[in-house]
Amino acid sequence: MSTAPLTATAAVAARPLLLRAGLMAAASTSLALLALLSRYTRGLAPELVTWGRFILPALILTAFVRGPDWRAAWSLADRPGWVRALCAVIAQVCFVFAATQGDLLQAVLLYNTGPLFIPLVAWLWLGERLRPATLAGLALGFLGVLAVLQPGTRGLDPLALIALTGGLAMAVSQVLFYRSAQRQPPLRNQFKLYTQASLLSLPLAALGAAHTPWGAVLAGEAASEPVWVLSLALLGMTACSLGNQSLRDLAYRGMDNASTLAPLMYVAVPVSAALDWLLFDRVAAPSALLGAALVVVGAVVALRSGARAQRAEAS
């Protein structure tokens, strides 16, 4: 089978908006499923799970890449690419740790605060203006974060802060992704990210392997999931990771105003709440649901404000 369509930057046929919305919703659902599957890696250290989440997709993509893709992945000249990979590693370590140790809804919600941080990162890094409507959306969103964290009533939850750190790292990674996506084909972009992140997370993998109770894992003791469950969970996470990236690319590719689909990123939040309830009998607290609503509305307001500003400057 030829890999030309995967590595070339050929013209993309127009897709109906409804189809794009479905692709984006599917990508968001795959993120919720990835978080769910990470809960079935009990026994493996989160650092090792994170490394597997990068190395397994990289190994699969080697069947499709060519020479220029390998050179791009190993090149040290692309410093923003390596920074993006480092941020992706930080984001995933935080996300996996929060999802495996705490509430699924809280982990997914706070990880998805990335869109709230993106305008701030673009302002600090790229010098983009922060308009009043954007600031209002950010304020609303961060009020939602406070509603979830509730620092005044129970103190700051360490797991929530870890998940929030993952959201900030994801925002930096996404800002760099949008810049690189304009210059490189999608397969190369994904292969470079997974390969570079695998290399950068190798020390974490070694640390995780050192304090993973391999005897309990191989014996299938109560402290660990059975080996077959761990294997299926890691393979499922790999499929969800590749699916998330590929579906997002299909949804956004050839679209002038990507912020139209941005609200659908939050499909992962109600899906995670439903999975947490159905599988783990964890019912979301009213404050968490209120906070989730504020985060979603705030992010949508901020993103749409930025899109309107871009259209105004282009006209």
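**Figure 1. T29 in helix 2 is a partly exposed residue of this predicted model**. The relative accessibility of T29 is 26%, and T29 therefore counts as partly exposed. The residue is placed in helix 2. Leaving aside residues up to four places away in sequence, T29 touches V267 and V271. The view also takes in Y266: T29 and Y266 are 237 residues apart in sequence, and their C-alpha atoms are 9.0 Å apart in space.

**Figure 2. Helix 2 packs against helix 14**. Two packed helices are described by the angle between their axes and the distance between the axes. For helix 2 (residues 17-38) and helix 14 (residues 227-252), the axes come within 8 Å and cross at roughly 160 degrees. The two helices are therefore roughly antiparallel to each other, since angles over 145 degrees are classed in this way. The crossing of helix 2 and helix 14 is left-handed. On the side of helix 2, the residues in contact include R20, L23, M24, A27, L31 and L34. On the side of helix 14, among them are A233, G236, M237, C240, L247 and Y252. The residues of this contact divide into 15 nonpolar, 7 polar and 2 charged.

**Figure 3. Helix 4 meets helix 11 at an oblique angle**. Helix 4 (residues 67-74) and helix 11 (residues 186-200) pack with their axes 8 Å apart, at an angle of about 40 degrees. That angle makes helix 4 oblique to helix 11. The crossing of these two helices is right-handed. Helix 4 contributes P68, D69, W70, A72, A73 and W74, which meet R188, F191, K192, T195, Q196 and L199 of helix 11. By type, the residues of the contact between helix 4 and helix 11 are 7 nonpolar, 2 polar and 3 charged.

**Figure 4. M170 and S173 are buried residues of helix 10**. M170 lies in helix 10, and S173 has its place in helix 10 (residues 158-181). With a relative accessibility of 10%, M170 counts as buried; S173, at 7%, counts as buried too. Not counting residues up to four places away in sequence, M170 touches A91, Y111, N112, G114 and P115. On the same basis, S173 touches R84, C87 and A88. R84 also serves as a reference point for M170: the C-alpha atoms of M170 and R84 are separated by 8.8 Å, although the two residues are 86 residues apart along the chain.

**Figure 5. D281 has a positive phi in a loop**. Most residues other than glycine have a negative phi. The phi of D281, a residue other than glycine, is near 55 degrees. D281 is placed in the loop between helix 15 (268-280) and helix 16 (286-314). Its relative accessibility is 62%, so D281 counts as exposed.

**Figure 6. Confidence varies along the protein chain**. The chain has a mean pLDDT of 79, and 82% of its residues reach 70 or more. Confidence is highest in helix 3 (residues 46-61), at a mean of 92, and lowest in helix 1 (residues 4-7), at 33. The pLDDT is below 50 over residues 1-13, a stretch that has 18 contacts in the model beyond near neighbours in sequence. Where pLDDT is low, the predicted coordinates should not be read in detail.

Notes
Residues numbered from 1 in each chain as written. Predicted model: local features only at pLDDT ≥ 70, side-chain atom pairs only at ≥ 80, totals over all residues. Heavy atoms only, no water. Axes fitted to C-alpha atoms, helices over the stretch in contact; angles between N-to-C directions. Helix = DSSP H or I, 4+ residues; strand = E, 2+ residues; numbered from the N terminus. Parallel < 35°, antiparallel > 145°, perpendicular 65-115°, else oblique. Left-handed = near helix turned anticlockwise from the far one by under 90°. Contact = heavy atoms within 4.5 Å. Nonpolar A, V, L, I, M, F, W, Y, C, P; charged D, E, K, R; others polar. Buried < 20%, exposed > 50% of the residue type's maximum accessible area, 1.4 Å probe, protein only. pLDDT = per-residue confidence, 0-100.
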